[in-house]
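Hi everyone, thanks for coming. I have one structure to walk you through today, so let me put it up on the screen.

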Amino acid sequence: QVQLVESGGGSVQPGGSLRLSCVASGSILSIYVMGWYRQAPGKQRDLVAIITDDNSTNYADSVKGRFTISRDNAKNTVYLQMSSLKPEDTAVYYCNLGSFITGTLYHYWGQGTQVTVST
């Protein structure tokens with residue numbers, strides 16, 4: 001079993017910043033990818049940013065230039081630095097981990113952390 005624990009969510013003014021953290025623990029042999037997804041009420045869960053084991057990254061167009069994903073492999077931790085936040089960034093942010101088990105890529109999810117951007 002793999003457990004993901006997110007932290008760092010909260011409420012901020014437009015233009016503000018937040019840093020999300022996600023720590024993975026449990027039966028982890030290797031991590032291929034870690035990332036962040038978000039879901040607003042009544043909407044789909046969408047990719048925000050991912051980072052692979054070779055540190056390649058991919059971002060949603062809506063957050064490019066504002067969000068930065070990074071990882072600390074020794075701590076099994078992934079971060080999402082969010083700046084210039086907008087009201088449309090309001091959502092529950094979920095941490096995701098992808099790990100290969102006997103050739104199959106399995107995904108694990110955290111419980112989510114709320115990010116609210118409002119005046």
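**The pocket and the sheet**

Let me start with the lining of the largest pocket: by class, there are 6 nonpolar residues, 4 polar ones and 4 charged ones. Before going on, please keep in mind that this is a predicted model.

How much space lies in that pocket? About 200 Å³. The lining is made up of 14 residues, and those closest to the centre of the pocket are Arg38, Ala40, Lys43, Asp46 and Glu88. If you want to find the place by strands, look at β4, residues 33-39, and β5, residues 46-52, since each of them supplies at least two residues of the lining. Of the two, β5 deserves a second glance: with 3 residues, β5 gives the most to the lining of this pocket.

Now let's turn to the sheet. Here 4 strands come together as an open sheet, and reading across, the order is β1-β3-β8-β7, with antiparallel pairing. Which strands stand at the edges? They are β1, residues 2-7, and β7, residues 67-72; each has a single partner strand, so one side of each is left without a neighbour in the sheet. From one strand to the next, the twist averages 15°. As a reminder for the newer members of the group, strands of a sheet pair through backbone hydrogen bonds, either parallel or antiparallel.

I'd like to spend the rest of my time on β8. Is β8 largely enclosed or not, you may wonder, and why? Well, 5 of its 6 residues are buried, so β8 is largely enclosed by the rest of the structure.

Let's take its partners in turn. On one side, β8, residues 77-82, pairs with β3, residues 18-26, in the antiparallel sense over 6 bridges. Along this pairing, Leu20 stands opposite Leu80 of β8, and Arg19 has Gln81 as its bridge partner.

Then there is β7, which runs antiparallel to β8 and is joined to it by 6 bridges. Gln81 in β8 turns up again here, this time opposite Thr68. These two strands, β7 and β8, form a hairpin with 4 residues between them. Have a look at the turn while you are there: Asn76 has a positive phi of about 50°.

That's my tour, and I'm happy to take questions.

Terms used
Residues numbered from 1 in each chain as written. Predicted model: local features only at pLDDT ≥ 70, side-chain atom pairs only at ≥ 80, totals over all residues. Heavy atoms only, no water. Pairing = 2+ DSSP bridges. Axes fitted to C-alpha atoms, helices over the stretch in contact; angles between N-to-C directions. 1 Å grid on protein atoms, 1.4 Å probe; cavity = no way out; pocket = protein on both sides within 12 Å on 5 of 7 lines; lining within 4 Å. Points joined across faces, edges and corners; volume = space filled by probe spheres on them. Nonpolar A, V, L, I, M, F, W, Y, C, P; charged D, E, K, R; others polar. Buried < 20%, exposed > 50% of the residue type's maximum accessible area, 1.4 Å probe, protein only.
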